[in-house]
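Subject: Structure handover, pockets and cavities

Dear colleague,

I am passing on the structure below, and would ask you to keep it open beside this message while you read the notes on its empty spaces that follow.

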Amino acid sequence: MRKSKLSSRITWRVIGIMLFFNVLIIGAMLTFVFIVSLMNSSSRGQYVVDGIEGKIESTLWGAHEAASNNRDEIERNLESPERVFDALERELSVNRFLGGFAAFEPDYFKGQGRWFEAYVYLTDSTHINRQQIGSASHDYFNGPWYQKGLSLDRDGLGYLTDPYFDNSVDSAIYCSYVLPIVDQQGRKVGVYGVDLDYLWLDTVVKEVEDNVKSEFHLENEALESYEGDSIYTLFSVQILDSKGNRIYGSDSLDLSILKIDQKDAFGHLKMKNLKGTPYYISSKQLAHTNWTIAVIQHREMVFAWGVLMAIVILFCMSIGGIVIFFFTSRSIRNATQPLGFLSESTQEVAKGNFDAPLPTFKHNDEVAQLRDSFSTMQQSLKKYVEEVKETTKAKTAIMSELNVAHSIQMSMIPKTFPAFPDRQDIELYASLTPAKAVGGDLYDFFIRNEKLFFCIGDVSGKGVPASLVMAVSRTLFRNIAAHADLPSRIVKTMNENICEGNDNCMFVTLWVGVLDLQTGRLCYCNAGHDAPYLGTELLPCDANLPIGVAPDLKYTDQEAVIAPGKILFLYTDGLTEAENGSRALFGMQRISEVINGFKGSPKELIETMADAVHQFVGDTEQSDDLTMLAFRLS
């Protein structure tokens with residue numbers, strides 16, 4: 001397997017971290033650039049709107065001043081239609097408007113009919129013509145300009161109407177500035193207005209568009225761009241009337257969506273798709289009119305500066321990233337190179353060459369400190385290996401002695417089965433499994449005078465001390481049972497001997513029985529041991545103390561009869577207290593379950609019980625000696 005280099009891993013990790021933060025920084029910068037682009041475009045749009053509004057209002061103010069003075073002249077000559085015509089003609093010759101008119105309420109002048117609208121206009125630069133144009137076909141009463149003029153205050157500003165087509169005189173398009181006419185009684189009796197050629201807007205807007213072209217260094221035709229076979233407008237100024245119809249602006253831009261949804265379309269730099277083309281719109285409604293100025297900027301123009309800045313930023317960051325990668329990888333490779341030398345030296349140490357030389361470094365940094373630590377470890381390992389060798393020798397000797405002790409201990413208990421091959425009246429089996437090399441459990445049995453003498457016991461503690469007490473206890477049982485017939489006498493004598501010199505206060509739980517093989521009569525004595533099973537029932541046992549506790553204890557005998565075929569099963573607490581991985585105990589309940597469902601020989605019973613314990617504890621290490629003994633009469 002090819003080994004990866006530390007320098008490469010560190011380099012790529014550093015580059016990865018730097019790349020991550022660079023992406024965040026670039027993202028933040030690009031976001032900032034595009035936000036600034038939007039702000040610049042918003043400012044540009046609002047500047048254009050405000051500029052056009054200012055120029056239009058300046059023109060309207062001049063028209064208002066002249067129209068207001070003319071209106072005053074009309075109001076002083078309301079006695080007859082002729083005087084109204086004369087006043088209109090005098091004012092038109094002075095102010096040189098396209099035309100002027102005074103439209104009056106129905107039947108205002110007796111004899112002139114329902115409609116009377118005096119209208120004077122220039123036929124050329126020197127001639128003025130007058131005409132009464134009010135009629136049923138020219139019903140001005142329902143005209144928006146007339147109704148709006150009547151709704152205005154006498155001393156307030158006038159109102160500039162939407163452009164309209166008038167065929168009453170010369171079939172031309174006009175926009176009119178109107179004011180109310182008030183008689184001497186203060187009643188509104190009509191509307192005075194002057195006609196303006198709406199083409200004057202061209203001069204106002206043309207100047208603004210030229211400024212935008214100059215700002216973006218565009219040629220005269222460059223306010224339009226191409227996308228495939230489609231042509232779209234980059235920048236456009238549109239002036240719309242109250243119905244959303246175009247008063248002024250490029251006809252190449254379809255404003256049908258603005259006409260349909262004018263209120264939602266206008267606002268402070270809102271984005272709209274005009275026939276699928278993305279535009280940003282700034283707008284403002286002109287005072288004293290229902291006109292709306294809309295500055296429409298294509299997305300390409302809005303973000304032109306932002307895209308350029310984004311390209312510059314990405315280019316600079318890419319070049320910077322390449323330079324940083326080169327110098328970073330080189331620096332990291334130089335910084336980690338000593339670790340390679342140190343690794344080679346430590347591999348020699350790992351092979352057992354504790355005297356292998358370690359490299360030296362000029363700088364007193366962390367790598368040099370690591371080298372010193374390896375040197376200290378090298379000496380410690382050398383010393384430790386020597387100590388381990390000595391300890392291993394000692395442990396080997398101890399283990400050898402424990403193995404001998406185990407062999408001696410196991411040789412002290414009967415382990416040849418069948419136990420009495422020449423007898424057909426008894427079947428007996430036993431097993432002892434120490435938790436360590438040597439243990440403290442014991443069992444023994446022998447026949448004397450047609451009586452079976454047997455015992456089972458458990459020494460407190462484990463290991464070598466318990467094994468020594470076990471050996472003493474088994475020897476005492478053999479010697480005393482060879483001359484005594486009563487179990488209580490055997491137990492009492494063993495207790496007295498164990499108590500002598502018992503400085504470590506060790507004790508032995510013991511169960512001793514004497515069985516008459518002819519009659520099946522069992523005499524037994526319990527010294528703090530677990531009660532055995534006779535068949536499927538526990539054998540009643542007195543609660544006597546274990547031997548070794550006190551020398552003057554008294555022990556009692558009990559009797560029972562063992563019927564042929566019934567098994568007497570004895571065990572130590574290593575069976576009931578066997579633990580599994582969850583620290584649960586095997587317990588009496590599981591012993592009863594095995595015995596109640598068992599039918600077989602004493603040997604099979606012990607093997608079945610051992611299998612049940614091993615299945616219960618699983619891989620958990622054995623914590624206590626396990627001893628079992630069982631027999632039955634035939």
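In this predicted model, the largest pocket has a lining of 21 residues, and those that lie nearest its centre are Gly143, Pro144, Trp145, Asp162 and Tyr164. Its volume comes to about 420 Å³. Two elements, helix 3 (144-151) and strand 5 (164-166), each contribute at least two residues to the lining of this pocket. Sorted by class, the lining of the largest pocket holds seven nonpolar, eight polar and six charged residues.

Turning to enclosed space, the count of cavities of 30 Å³ or more is two, and the second largest cavity has a volume of about 40 Å³. Around this second largest cavity, the lining is formed by Asn70, Leu88, Glu91, Leu92, Phe97, Gly99, Gly100, Val120, Tyr192 and Val194. Helix 2 (81-95), strand 1 (99-104) and strand 7 (188-196) each supply at least two residues of that lining, with helix 2 giving the largest share, namely three residues. By class, six residues of the lining of the second largest cavity are nonpolar, three are polar and one is charged.

Should you wish to set the two linings side by side, the class counts are these: seven nonpolar, eight polar and six charged for the largest pocket, and six nonpolar, three polar and one charged for the second largest cavity.

With kind regards

Methods
Residues numbered from 1 in each chain as written. Predicted model: local features only at pLDDT ≥ 70, side-chain atom pairs only at ≥ 80, totals over all residues. Heavy atoms only, no water. 1 Å grid on protein atoms, 1.4 Å probe; cavity = no way out; pocket = protein on both sides within 12 Å on 5 of 7 lines; lining within 4 Å. Points joined across faces, edges and corners; volume = space filled by probe spheres on them. Helix = DSSP H or I, 4+ residues; strand = E, 2+ residues; numbered from the N terminus. Nonpolar A, V, L, I, M, F, W, Y, C, P; charged D, E, K, R; others polar.
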